[in-house]
Amino acid sequence: MGAAIIVGGFWGDEGKGKIVAHVAYTDRPKIIARGGVGPNAGHTVEVNGQKYGIRMVPSGFVYKDARLLIGAGVLVDPSVFLREVELLKVADRVGVDYRCAIIEPKHIEADRGDKHLKENIGTTGTGCGPANADRIYRIAKQAKDIDVLKPYLTDVALEVNEAVERGEFVLLEGSQGFGLSLYYGTYPYVTSKDTTASAIASDVGLGPTRVDDVIVVFKCFPTRVGGGPFPTEMPQEEAEKLGIVEYGTVTGRRRRIGYWDSKMARYSAMLNGATQVAITGVDKLDRECYGVREWEKLTPKARKFIEQVEQDTKTPVTLISTGPELKQIIDLRKEKL
Ligand code: GTP
Ligand code: IMP
Ligand code: MG
């Protein structure tokens, strides 16, 4: 019991959405709270053949007994939020911190119309950078100023801390990934905030001493969308040959794909303070692993790879995802969170 944080170890899109959903089903948190930048994220969750691509509501929404909260550090686009609340039918259990800063249409226009952001950085065009700039300039609107958000307003930090004090389990989900951190990523080809586990705790207002576990999610073949350095990037033709081509959830852009990066994995696990590692896309490393749900049934190639990940990150690999569907996972944890 206590709190656990799930964050991305590479450049986002590691499959955090799926890992959060799995942990939610198995560990039954009372609250699932989102940190991270804002609706630039696109989490994918596939359950019983239904595929959801979500940007604002926590990806743990599939677990129906949890309260779903958006922390004060997160930017809220009211129209994206309201659309998802209606689509996912979560109006009775979702809350937004009254201090969240708001993305307005002018921020989206600025993001898409700015040559530097659009062409050099290759942002998602969701208005996050310009909205965070207004927040730092201290002119951004907050959730409490927006009429349509009134029914959802709450003090997320208070709710989360009180739940932890009662001994309940709280799950915090990050978005983006380590390489996109404004501080530790490949600046200037980064997002508009820090994305490490410490930032996620701060986003929801939970102090570092209250966090028990940090699960860093890595994918077998790292990906990146937009510009910026990518040391282990492979040629597009190679990705096609391997059959591992991917497209973005939010922008539909083709993701650049690379080979496993030991050096980055080590650094990322270290700065995130990883206590556990989740690895996704093992089916892409070896097709025979598709849908496998037991360690013993993984191929020697996959097992060897996972051992290497443990050595690189100096952290136990506890969750191994073998396909996009929720049930396609090996859970090696002896104790739940
Ligand atoms: P951001 O918050 O935007 O960084 O996203 P995310 O980490 O939640 O990941 P996203 O859903 O954008 O991308 C991951 C993609 O991989 C999705 O299409 C998932 O359905 C898929 N996926 C997740 N786990 C696996 C896996 O083990 N195998 C395969 N083949 N696909 C997976
Ligand atoms: P922004 O966050 O929209 O300003 O985009 C800045 C950089 O971060 C660009 O390279 C984007 O492609 C990348 N980025 C932002 N959010 C995500 C995400 O959720 N997944 C992957 N890349 C992202
Ligand atoms: Mg994504």
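This is a dialogue about a metal site, a strand and a ligand shell in a predicted model.

Visitor: What makes Asp13 and Gly42 the protein donors of the magnesium ion (ligand 3)?

Guide: Donors are N, O and S atoms within 2.8 Å of the metal. The OD atom of Asp13 and the O atom of Gly42 lie 2.0 to 2.2 Å from the magnesium ion, and therefore count as donors. Water is not among the atoms, so the site may look incomplete.

Visitor: Where in the chain do the two donors sit?

Guide: Asp13 is in the loop between strand S1 (2-8) and helix H1 (16-27). Gly42 is in the loop between strand S2 (31-34) and strand S3 (43-47). They are 29 residues apart, and the pair links distant parts of the chain.

Visitor: Why is Asp13 called partly exposed?

Guide: Buried means under 20% relative accessible area, and exposed means over 50%. Asp13 has 22%, so it falls in between.

Visitor: Why is Gly42 called buried?

Guide: Its relative accessibility is 15%. The cut-off is under 20%, so Gly42 counts as buried.

Visitor: How do you know that strand S12 (residues 276-280) is largely enclosed by the rest of the structure?

Guide: In S12, 5 of the 5 residues are buried, so the strand is described that way. Both faces are covered: Gln276, Ala278 and Thr280 are buried on one side, and Val277 and Ile279 on the other.

Visitor: What makes S12 a partner of strand S9 (residues 211-219)?

Guide: Two strands pair if there are at least two bridges between them. S9 and S12 are joined by 5 bridges, so they pair, and they run parallel. Val216 has Val277 as its bridge partner in S12.

Visitor: What about strand S13 (residues 317-321)?

Guide: Here 3 bridges join S12 to S13, again at least two, so these strands pair; they run parallel. Val317 in S13 stands opposite Val277.

Visitor: Which residues come nearest to ligand 2?

Guide: Of the 16 residues around ligand 2, they are Asn40, Thr124, Thr191, Val225 and Arg253. The shell divides into 6 nonpolar, 8 polar and 2 charged residues.

Visitor: What makes the approach of Thr124 to ligand 2 a polar contact?

Guide: A polar contact is a pair of N or O atoms within 3.5 Å. A polar side-chain atom of Thr124 lies 2.6 Å from an oxygen atom of ligand 2, so the pair qualifies. Gln176 has a polar side-chain atom 3.2 Å from a nitrogen atom of the ligand, and a polar backbone atom of Val225 is 2.9 Å from an oxygen atom of ligand 2. Taken alone, ligand 2 exposes 470 Å², of which the protein buries 96%.

Notes
Residues numbered from 1 in each chain as written. Chains lettered and ligands numbered in written order. Predicted model: local features only at pLDDT ≥ 70, side-chain atom pairs only at ≥ 80, totals over all residues. Heavy atoms only, no water. Donors = N, O, S within 2.8 Å, 3.2 Å for Na, K, Ca; no water. Helix = DSSP H or I, 4+ residues; strand = E, 2+ residues; numbered from the N terminus. Buried < 20%, exposed > 50% of the residue type's maximum accessible area, 1.4 Å probe, protein only. Near = heavy atom within 4 Å. Polar contact = N/O pair within 3.5 Å; in protein donor to acceptor, adjacent residues only side chain to side chain. Areas by Shrake-Rupley, 256 points an atom, 1.4 Å probe, with all protein chains shown as cover. Nonpolar A, V, L, I, M, F, W, Y, C, P; charged D, E, K, R; others polar.
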